[in-house]
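The following note is offered to a colleague who is meeting this structure for the first time. It proceeds in numbered points, beginning with a single sheet and ending with the chain as a whole.

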Amino acid sequence: MMSIESLFIPQTLPLKSFSVDKTARKSTWASLKSPKFQRGPSRIRNFSAKSSLGFENGGFKQFPNGVGEKDGVIIVDHGSRRKESNLMLNEFVAMFREKSGYPIVEPAHMELAEPSIKDAFSLCVQRGANRVIVSPFFLFPGRHWYQDIPLLTADAAKDHPGASYIITAPLGLHELLVDVMNDRIKHCLSHVAGDADECAACAGTSKCKLYGLVDVIKT
């Protein structure tokens, strides 16, 4: 029988590997709403989406160790005073929902912005979730992961005694993040060279530019 404590131990949910199609590299960062991915082999052994998700008679079916129709997923970031940054989480959640096929996925900000973890937790339960999976949109484990998010989630769960929850590990080390970082670098270099538009992350800020010697020459 699973102990109560085990529900609070962060765990990593495996991801299915994919590689970014060369044709889509130019627009992946500029257009977050419609990225194009090409599935490819991975050196890391992961569960495939088919092993945890299934559609039976038009309905969402739950498999062991996977996300099912009675699960709600909350993707939580730190939160920002910058509206544009908070809106990017909404776009990521929409991408995640569409690609994963999970029926209940909600965004949340740890602080500084709405919706809060408490709001997202309540919404998941209202939509039929009896288990809530809180997934931190953070790279590495730190105080927010092992202290702040667990405290905020525990407080949110008090209003819903019939629902259990789990807090997964942050993104951590994954080979796909190497591709993400490489795509980011290439896009920024293309933008500096005048071959690509500003991406959604820095649109309107004029921050993505070459500093140093070039600035000296211009002056």
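**Notes on the parallel sheet and its surroundings**

1. In this predicted model, strand β6 has cover on both of its faces: V105, P107 and H109 are buried on one side, and E106 and A108 are buried on the other. Put as a count, five of the five residues of β6 are buried, and the strand is mostly covered.

2. Strand β6 belongs to an open sheet of four strands, arranged in the order β6-β5-β7-β8 with parallel pairing. Because β6 (105–109) and β8 (164–167) each have a single partner strand, they stand at the edges, and one side of each is left without a neighbour in the sheet. From one strand to the next, the twist averages 25°. The reader may wish to keep two statements about β6 apart: the strand is at an edge of the sheet, and yet five of its five residues are buried.

3. Strand β5, which comprises residues 71–77, pairs with β6 in the parallel sense over five bridges. Two of the facing positions may be located directly: I75 stands opposite P107, and V76 stands opposite A108. A further position is that of I74, whose bridge partner in β6 is E106.

4. On its other pairing, β5 runs parallel to β7, and six bridges join these two strands. Here I74 has V134 as its bridge partner in β7. I74 thus has a bridge partner in β6, namely E106, as well as one in β7.

5. How many of the residues of β5 are buried? Seven of the seven are, so the strand is largely enclosed by the rest of the structure. The cover extends to both faces, with D71, V73, I75 and D77 buried on one side and G72, I74 and V76 buried on the other.

6. E106 deserves a separate point. This residue lies in strand β6 and has a relative accessibility of 10%; since buried means under 20%, E106 counts as buried. Apart from neighbours within four places in sequence, E106 is in contact with V73, I74 and I75, and also with V93, A120, L123, C124 and R127.

7. Helix α5, formed by residues 143–157, lies across three strands of the sheet, namely β5, β7 (131–136) and β8. The helix runs at about 165° to β8.

8. Two local features of the backbone should be checked in the loop between β6 and α4 (117–126), where P115 is placed. Most residues other than glycine have a negative phi, and most peptide bonds are trans. L112, which is found in this loop, has a positive phi of about 75° although it is not a glycine. E114 and P115 are joined by a cis peptide bond, with omega at about 5°. As for accessibility, L112 is partly exposed, with a relative accessible area of 43%.

9. Which residues does S80 touch, setting aside those up to four places away in sequence? They are S85, N86, E111, L112 and A113. S80 itself is in the loop between β5 and α3 (83–100). S80 and L112 are 32 residues apart in sequence, while their C-alpha atoms are 5.7 Å apart in space.

10. On the surface, F137, L139, F140, L171 and L173 form a nonpolar patch, and together they have about 530 Å² of accessible area. One of these residues, F137, is found in the loop between β7 and α5. F137 has a relative accessibility of 34% and therefore counts as partly exposed.

11. Finally, some totals place these details in context. The chain contains seven helices and eight strands. Of its 219 residues, 33% are buried. Among contacts with a separation of 6 or more, 65% are made by residues 24 or more positions apart. The chain exposes about 14,000 Å², of which carbon and sulfur atoms supply 58%.

Definitions and conventions:
Residues are numbered from 1 along each chain as its sequence is written. This is a predicted model: local features need pLDDT of at least 70, side-chain atom pairs count only at pLDDT 80 or more; totals for chains, interfaces and linings use all residues. Side-chain values use heavy atoms; hydrogens and water are left out. Two strands pair if DSSP finds at least two bridges between them. Axes are lines fitted to C-alpha atoms, for helices over the stretch in contact, and angles run from 0 to 180 degrees between N-to-C directions. Contact means heavy atoms within 4.5 Å. Patches are made of residues with over 30% relative accessible area and no salt bridge: like charges are joined within 9 Å, nonpolar side chains (Val, Leu, Ile, Met, Phe, Trp, Tyr) within 5 Å. Accessible areas come from the Shrake-Rupley method with a 1.4 Å probe; for residues, only the protein chains shown count as cover. A salt bridge is a side-chain nitrogen of Lys or Arg within 4 Å of a carboxyl oxygen of Asp or Glu. Buried means under 20% relative accessible area, exposed over 50%, partly exposed in between (1.4 Å probe, protein chains only).
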